[in-house]
Amino acid sequence: MQTGRRELLLGALAGAVAMALPACATGGSQAAAPRPQDRPLRILVMGGTGFLGPHFVEAALARGHRLTLFNRGKTHPERFSDPRYAAIEQLQGDRKTNLSALEGEQRWDAVLDTSAYIPADVTRSARLLAPRIGQYLLVSTISVYARNDIVDMDEDAELIRLPDPTVTEVTGETYGGLKALCEAAVRAELPGGTTVVRPGLIVGPGDTTDRFTYWPARADRGGEILGPGSPAAPTQFIDARDLAAFLLHLLETRTLGTFNADAPAGALTMGAVLDASREVARSMSVHHCITAPCPQPPGAQSSVTWVPADFLEAQGVSAWQDMPAWIPARGEYAGFGRTRTTRAQAAGLRYRSLEETVRDTLEWWRGQPESRRAKPKAGLAPEREADVLRAWHAAQRSG
């Protein structure tokens, strides 16, 4: 099955590369001098209005911290325009060309960088801010790793090394390597004050990729659902709200080091995802009827037909894009869905239930405009899914 890195997490992971960066000597988590607990933190967020950022902002505000957002004002500029967000300092600029809003004497306890893709941009912001901050937390990605065939891979595994480290175009082939260089850039500027978090697929309400949302939404349509591979196929992702809470915890405790932030290795399967999606869709579709017969909404009735990976490949069905959150755990991707996260769990990463993530995601999805729901960004179109299922059933009948 065609499962190049561009089909991996966040839709743009690096492809085959020639060499791997040696893992940085980050070690385990390191709690630096604890922060005083009698005052709120002053946190600068680079970005903050996309998918993950707003969840972090809400969590930080709920705990009384003081926030500054720095961004271009182009992605959801209205996101924090409500008067209840009046306490947030909102600065506009461009980390590539205009950091003037961050110049001066203002100090922050910590920086959360959710928009780091080019190492030169990270160097520019980290160098400017280093004398005036206590901690720089960079949100990276598990796509920095050179290999995906290692089960239970931890943070000390080899990282991608780009053939040309000066490249500035983010593509499927460069994404992971550029993120690895971003990590190195911030460590070079703040060697004693850096935290790096490497999430996997980030999911939940507000997701713009639909790589998880497809499954709750698909279950909500009801009928026969095409399940990829087998129910036991591993997968791995993290709710954006759990990730945001972990990021805030690392700042509140001034914990340094590098952490894989994902579901526990081997804890999630595609079977569990579809079971939860179907059950949640069913429970959210139940309605009261006084006079029989009572017609049931689509999500109340569904089934799953599991189709082997080889058959899907023969039908031109791609892993990850056509069948979101799934890649056959074999060959080059034998370690898929089983990246070790014990270091992050020891440092405070906690998880809500799969059912809660599914329920909240489906509730959010149902509230989206019809024009948005009509064109999901991942998964098979209904007609295409039906065609593949017919082909599979025909193959089964013919023996």
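These questions and answers walk through a predicted model, from single residues to nonpolar cores.

Reader: Let's start small. Is T68 buried or exposed?

Author: Good place to begin! T68 lies in strand β4, which covers residues 66-71. Setting aside neighbours within four places in sequence, T68 is in contact with I43, L44, V45, E89, L91, Q106 and W108. Anything under 20% relative accessible area counts as buried, and T68 has 4% relative accessibility, so T68 is buried.

Reader: Which residues of helix α2 are buried, and why are they on the same side of α2?

Author: Helix α2 runs over residues 119-129, and its buried residues are P119, D121, V122, S125, A126 and L129. In general, an α-helix has 3.6 residues a turn, so residues three or four places apart point the same way. The buried residues of α2 are on the same side because they cover an arc around the axis of only 155°.

Reader: What do the buried residues of α2 pack against?

Author: Try finding these partners in the structure above. Three strands take part: β3 (42-46), β6 (110-113) and β7 (136-139). A helix joins them, so to the strands we add residues 175-189, which form α3.

Reader: How many residues apart in sequence are R63 and E252, which meet in a salt bridge?

Author: The side chains of R63 and E252 meet at 2.5 Å, N to O. R63 lies in the loop between α1 (52-62) and β4, while E252 lies in helix α5 (residues 240-252). The pair therefore ties together parts of the chain whose separation in sequence is 189 residues.

Reader: Which of those two partners is buried, R63 or E252?

Author: Let's compare each value with the cut-offs: buried is under 20% and exposed is over 50%. R63 has a relative accessible area of 53%, so R63 is exposed. At 13% relative accessibility, the buried partner is E252.

Reader: How far apart are the closest N and O atoms of R84 and D82?

Author: R84 is exposed, at 60% relative accessibility. Its partner D82 is partly exposed, with a relative accessible area of 38%. The two form a salt bridge, where a nitrogen must be within 4 Å of a carboxyl oxygen, and here the closest N and O atoms are separated by 3.7 Å.

Reader: Which helices do R221 and E385 link?

Author: The side chains of R221 and E385 meet in a salt bridge of 3.6 Å, N to O. R221 is partly exposed at 36%, whereas E385 is buried at 3%. The two residues are 164 apart, and they link helix α4 (residues 214-221) with helix α11 (residues 382-397).

Reader: How many salt bridges does the structure hold?

Author: You have met several of them already, including the one between R63 and E252. Some are joined up too: D239, R241, D242, R352, E356 and D360 are linked in a network of salt bridges. For the structure, the number of salt bridges is 29.

Reader: Which element gives the most residues to the largest nonpolar core?

Author: In soluble globular proteins, nonpolar side chains tend to be buried together. The largest nonpolar core has 38 residues, and W215, L226, F237, L312, M323 and W326 touch the most other members. Elements giving two or more residues include β10 (201-203), β11 (223-228) and α9 (354-366). The top contributor, with 6 residues, is α6.

Reader: How many residues are in the second, separate core?

Author: Look for F51, L52, A244 and L251, which are included in this second core. It is separate from the core described above, and its size is 33 residues.

Notes: Residues numbered from 1 in each chain as written. Predicted model: local features only at pLDDT ≥ 70, side-chain atom pairs only at ≥ 80, totals over all residues. Heavy atoms only, no water. Helix = DSSP H or I, 4+ residues; strand = E, 2+ residues; numbered from the N terminus. Buried < 20%, exposed > 50% of the residue type's maximum accessible area, 1.4 Å probe, protein only. Contact = heavy atoms within 4.5 Å. Arc of directions from axis to C-beta. Core = buried A, V, L, I, M, F, W, Y, C linked by side-chain atoms within 4.5 Å.
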